[in-house]
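Here is a short report on the packing and sheet layout of one protein chain. The model is predicted.

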Amino acid sequence: MDTLTRMRAFIDVVEAEGFSAAARRTGRSKALLSKYVRELEDDLGALLLNRTTRQFSLTEAGHTYYRSASDILKEIDNLSDLVREGNADLKGRLRISVPRTFVDADVGQSLIDFAKHHPDVSLEIVAEDRFVDLIEEGFDLAIRVTRLEDSGMIARKLADFRIYACATAEYLVRHGPINHPQDLSGKPVIIDTNTRTHNHLRFRDPQGGTISVSVSGQIEVNSPQATLRAAKAGIGIALIPDFIAKNAIESGELVAVLDDFIFRDRGIYAVYPHRRYLPAKVRSFVDFLHNWFRKSS
C-alpha cells in the first residue's frame, strides 16, 4: 500500500475530526479509512489516534506526525500545481486570513473579484483582527495592513497604506486647532481598540523618533467603520485607515490634521509561509490583488 495514500487518509481523518466525517467528506468508506490508518500505525510502530466509540484525539506521536505529514503533502501538492500551472485552469481551495477592517471596506471587493475570475478556486476567508499563525492554523496566506516586521514569512506589498487623523470642521471650531499631537491631550478622541496602542497614540516626530500621546474619549470601539461614523457625528477626533476615511475627507465631511506627524511606512501586504514550491493558486491570488490595487489606486 502506498504510504502517501495512508498519510492522506490519516490527515483526512484528523481534519474531519473523526472517521465517519472523513468518510462523508472523501467518499471513502469508514472501514477503508480505518484500515489505512491502522496500517500506517503498524508501519510506524506508534499509536497516532486515541479512538473509542465516543472520543477521538491525537496522541503525542500523532500530533508530531500530523504536522510533518501536512507539510510533506503540501509540498507534493504544490509541486504538482507548479508543473500543471501552464496547462490547466486554477483549481483548489485557498484559506486566507484577512482583517475584518479589510473585508468590510471597499477594498474587500478585491477578494470577490478574484473569486469571480477564478470560479474553480474555493475561498475560505477568515476575517478577524489578530495576527494568526499561518502554519499552525493551516492558512495559505494572510492579508495584513500594518508596518511589516521581520516574521520569517514571505511578504509582497500590494499597496501603500496610511492613517488619517480627522474630525469634523465643527469639532475643530469647538475644541480649537490641532497642530501637534500633544494638542490631542484633554480633547475627546474616538479610540479604535483594534490598534495595539489603544489610548496611547503614536505619531512620527519630523525631527526623528516617536511622539506618544495619552488620550481619552466617550467611545472606544474595535471597528474602524464605527469609528468613522462617530467622527462624522462630531463626537471626537479619530485615527482611521485611508481606505475607510478617504471618501469622507474628499467630500469635506471630515478634515485631516497632523499630516506631518503620520507614519509613512505602512502598507497592505500579502504574507505567506516560506515554501520551496509556492502553489500556483497562491501566486495567482497575490498577483491578482497586486494588479487590482494598482488599477484601483
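## The main core

The largest nonpolar core holds 40 residues. Within this core, Ile 143, Ile 268 and Phe 285 touch the most other members. Helix α10, residues 280-296, gives the most to the core, with eight residues.

Ile 143 deserves a look. Neighbours within four places in sequence are left aside here. Ile 143 is in contact with Ile 268 and Phe 285. The contacts of Ile 143 also include Ile 96, Ser 97, Val 98, Pro 99 and Phe 102. Leu 158, Tyr 269, Ala 270 and Leu 289 are on the list of Ile 143 contacts as well.

## A second core

A separate core has 20 residues. Among them are Ala 9, Ile 11, Ala 23 and Leu 73.

## The five-stranded sheet

Five strands form an open sheet with mixed pairing. Their order is β4-β3-β5-β14-β6. Strands β4 (121-127) and β6 (154-161) are the edges, and each pairs on one side only. From one strand to the next, the twist averages 20°.

How do β5 and β14 pair, and over how many bridges? Strand β5 (residues 141-146) and strand β14 (residues 266-272) are antiparallel, with five bridges between them. Val 145 stands opposite Ile 268 in β14.

## The helix across the sheet

Which strands does α10 lie across? Helix α10 lies across β3 (92-98), β5, β6 and β14. The helix runs at about 15° to β6. Helix α10 is also the element that gives the most to the largest nonpolar core.

Technical notes. Residues are numbered from 1 along each chain as its sequence is written. This is a predicted model: local features need pLDDT of at least 70, side-chain atom pairs count only at pLDDT 80 or more; totals for chains, interfaces and linings use all residues. Side-chain values use heavy atoms; hydrogens and water are left out. A nonpolar core is a set of buried Ala, Val, Leu, Ile, Met, Phe, Trp, Tyr and Cys residues joined through side-chain atoms within 4.5 Å. Buried means under 20% relative accessible area, exposed over 50%, partly exposed in between (1.4 Å probe, protein chains only). Helices (H or I, at least four residues) and strands (E, at least two) are DSSP runs, numbered from the N terminus. Contact means heavy atoms within 4.5 Å. Two strands pair if DSSP finds at least two bridges between them. Axes are lines fitted to C-alpha atoms, for helices over the stretch in contact, and angles run from 0 to 180 degrees between N-to-C directions.
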